[in-house]
Amino acid sequence: MRRELLAVARIEPVGPYSLLRLKRGSLESGSPGQFFMLSPPGRLLPRPMSLCLATRTELGFLIDPVGPGTRALVETVRGERINVLGPLGNGYRLDVDKPLLVAGGIGIAPLPYLSQRLDRPHAILGFRTEEHAEAAALVPNSEVVVEPRLVTELLPRGHDVLACGPEPMLLAVARIAPEAQLAWEAPMACGYGACYGCAVRIGGELKRLCVEGPVLEAAA
């Protein structure tokens, strides 16, 4: 984990989302499912963002601009610098025999990097609208469903499921695939366990997602 000011390389629209590309500097990309704290210009609190893409020269973050902090990130301009801390948290285990990637909505964010590291396995992606589904182009070998259809309608048995998305989707996936690895979402203020702002109750226990997650075993 380290902190660095990274320059904005460019911002690309992906349906209603934005892909923020930052010049990499000396930051490590970490493991798929880990996250970085990005400090929007002019905002007090940083925002946790899963790493979406990693190249030799850039780190990419897929952002859904739904609030003032995320909008501030996607309104930056080329050359502007963003304070970045990471990588943080625990990512996915990659020692799986038959990986299947599953995501809902902006939960697609860590999947392009995860797909790259797992040699492009099959993926099942769910979205609210056809416009949101444009983000599926970031994940190779993907099968897409749009509401009212659900990703769980296509979920086969006998795979090592690695999933990210809203809580109802993760709970539904866990019922079908009890050994799945699930990346949970929660607001975070610090990113390293000091503030307890991301503590959520999972399986009857409180988990600090920034240090015990965000990726947890479904059966844990």
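This briefing covers the main nonpolar core and a group of salt bridges. The structure is a predicted model, where local features need pLDDT of at least 70, side-chain atom pairs count only at pLDDT 80 or more, and totals for chains, interfaces and linings use all residues. Residues are numbered from 1 along each chain as its sequence is written, and side-chain values use heavy atoms, with hydrogens and water left out.

**Nonpolar core**

- The largest nonpolar core (buried Ala, Val, Leu, Ile, Met, Phe, Trp, Tyr and Cys residues joined through side-chain atoms within 4.5 Å) has 27 residues.
- Leu-62, Ile-108, Leu-111, Leu-125 and Phe-127 have the most contacts inside this core.
- Two or more residues each come from strands E2, E8, E9 and E11 and from helix H2; strands (E, at least two residues) and helices (H or I, at least four) are DSSP runs, numbered from the N terminus.
- Strand E9 (123–127) gives the most, with 3 residues.

**Salt bridges**

- The structure holds 8 salt bridges, each a side-chain nitrogen of Lys or Arg within 4 Å of a carboxyl oxygen of Asp or Glu.
- Arg-10, Glu-12, Arg-21 and Glu-58 are linked in a network of them.
- Arg-10 pairs with Glu-58 at 2.8 Å, joining strand E1 to strand E6 across 48 residues.
- Arg-21 meets Glu-12 at 2.9 Å and Glu-58 at 3.0 Å.

**Exposure in the network**

- Arg-21 and Glu-58 are buried (under 20% relative accessible area; exposed is over 50%, partly exposed in between; 1.4 Å probe, protein chains only).
- Arg-10 is partly exposed at 37%, and Glu-12 is partly exposed at 24%.
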